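Visitor: I've got a fold on my screen and a pile of labels to go with it. Can you walk me through what earns each label?

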Amino acid sequence: MFTDPFDIDNYAQDPDHYLAVPFVPTEEDTVEAMLSLAGVGPNDRLYDLGCGDGRIVIAAARDRDARGVGVDVDPLRIADAMEFAGWAGVEHMVDFREEDLFSVDVREATVVSLYLLQSINVQLRPRLLSQLKPGARIVSHAFDMGDWQADERIKVADGYIYKWTVPASVAGQWSWTGADGTPCRLELEQTYQQVTGRAWLGEIEVDLLGAELCGERLEIELQANDATPVQRFTLTFADGALKSAVEA
């Protein structure tokens, strides 16, 4: 997938990007499980970073009508992937690029698939979080993302598959007016999809009982005290701003 591990000249020229990840083909059942876990469908554009022979991108196009891009630095793997795509009849739906996965632009992706190493996943994590839109899904075979806990994990024959949904940025202070005219205010802290903070209804601080962030939507529960009903709101964020707040 990456630089030839025995190419000493490449290592001497760029030791910081000297990565040796052997090409290990993903089993067909595992490919299907990855696509299912990510919920890949016709409206998706899947990027497979370290695509090898392109089987994940090709399966997404062939079986789920999704467009895709495979990225690998090994020209032989890219050639194999293009030939395989032609054989599968999906060459018009996929693209394969000989490119460093640390420099590829993934902003168009709605799904990113990985079969790398945990250390590389962690190095890629800031780029994925900064470029992917809230709600984009990341699915990784065998290796997690360090302290970014997966939203889901399933067992397959040769290990686990992990899924993350890219969260909106919701840390900060937010305010809106409830349906009854009551001013509502939040002060939130965020670690990936985990959200904590404080809340006010009018001038009264209330309990923030729960905050569940999935993509651009934040579901919260507020309660003034045990004798009052729980109030639930769905907040939608986009481009670093609160776009709407609807009481359930």
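Guide: Sure, starting with a crossing: α2 passes α3 in a right-handed way. Bear in mind that this is a predicted model, where local features need pLDDT of at least 70, side-chain atom pairs count only at pLDDT 80 or more, and totals for chains, interfaces and linings use all residues. Residues are numbered from 1 along each chain as its sequence is written, and side-chain values use heavy atoms, with hydrogens and water left out.

Visitor: What makes a crossing like that of α2 and α3 right-handed?

Guide: Handedness looks at how the near helix is turned from the far one by less than a right angle: anticlockwise is left-handed, clockwise is right-handed. The α2 and α3 crossing falls in the right-handed class.

Visitor: Why are α2 and α3 called roughly perpendicular?

Guide: Their axes come within 10 Å and cross at roughly 65°, with α2 covering residues 28-38. Axes are lines fitted to C-alpha atoms, for helices over the stretch in contact, and angles run from 0 to 180 degrees between N-to-C directions. Under 35 degrees is roughly parallel, over 145 roughly antiparallel, 65 to 115 roughly perpendicular, and the rest oblique. So α2 and α3 count as roughly perpendicular.

Visitor: Which residues of α2 and α3 meet?

Guide: V31, E32, M34, L35 and S36 in α2 meet R55, I56, A59, A60 and R64 in α3, where contact means heavy atoms within 4.5 Å. By class, that makes 6 nonpolar, 1 polar and 3 charged residues.

Visitor: And what about α3 and α4, how do their axes cross?

Guide: The axes of α3 (residues 55-64) and α4 (residues 75-88) come within 10 Å and cross at roughly 20°. That angle makes α3 roughly parallel to α4. Their crossing is right-handed too. Here R55, I58 and R62 in α3 meet A81, F84, A85 and A88 in α4, and the classes come to 5 nonpolar, no polar and 2 charged residues.

Visitor: How is the chain divided into domains?

Guide: There's domain 1 (15-166) and domain 2 (172-247), with bounds from an automatic or database domain assignment. Their C-alpha centres lie 34 Å apart, and 11 residues of domain 1 are in contact with 5 residues of domain 2.

Visitor: What is the mean pLDDT of the chain?

Guide: The mean is 91, and 91% of the residues reach 70 or more, on a confidence scale from 0 to 100. Over residues 1-19, though, the pLDDT is below 50.

How values were computed. Helix = DSSP H or I, 4+ residues; strand = E, 2+ residues; numbered from the N terminus. Nonpolar A, V, L, I, M, F, W, Y, C, P; charged D, E, K, R; others polar. pLDDT = per-residue confidence, 0-100.
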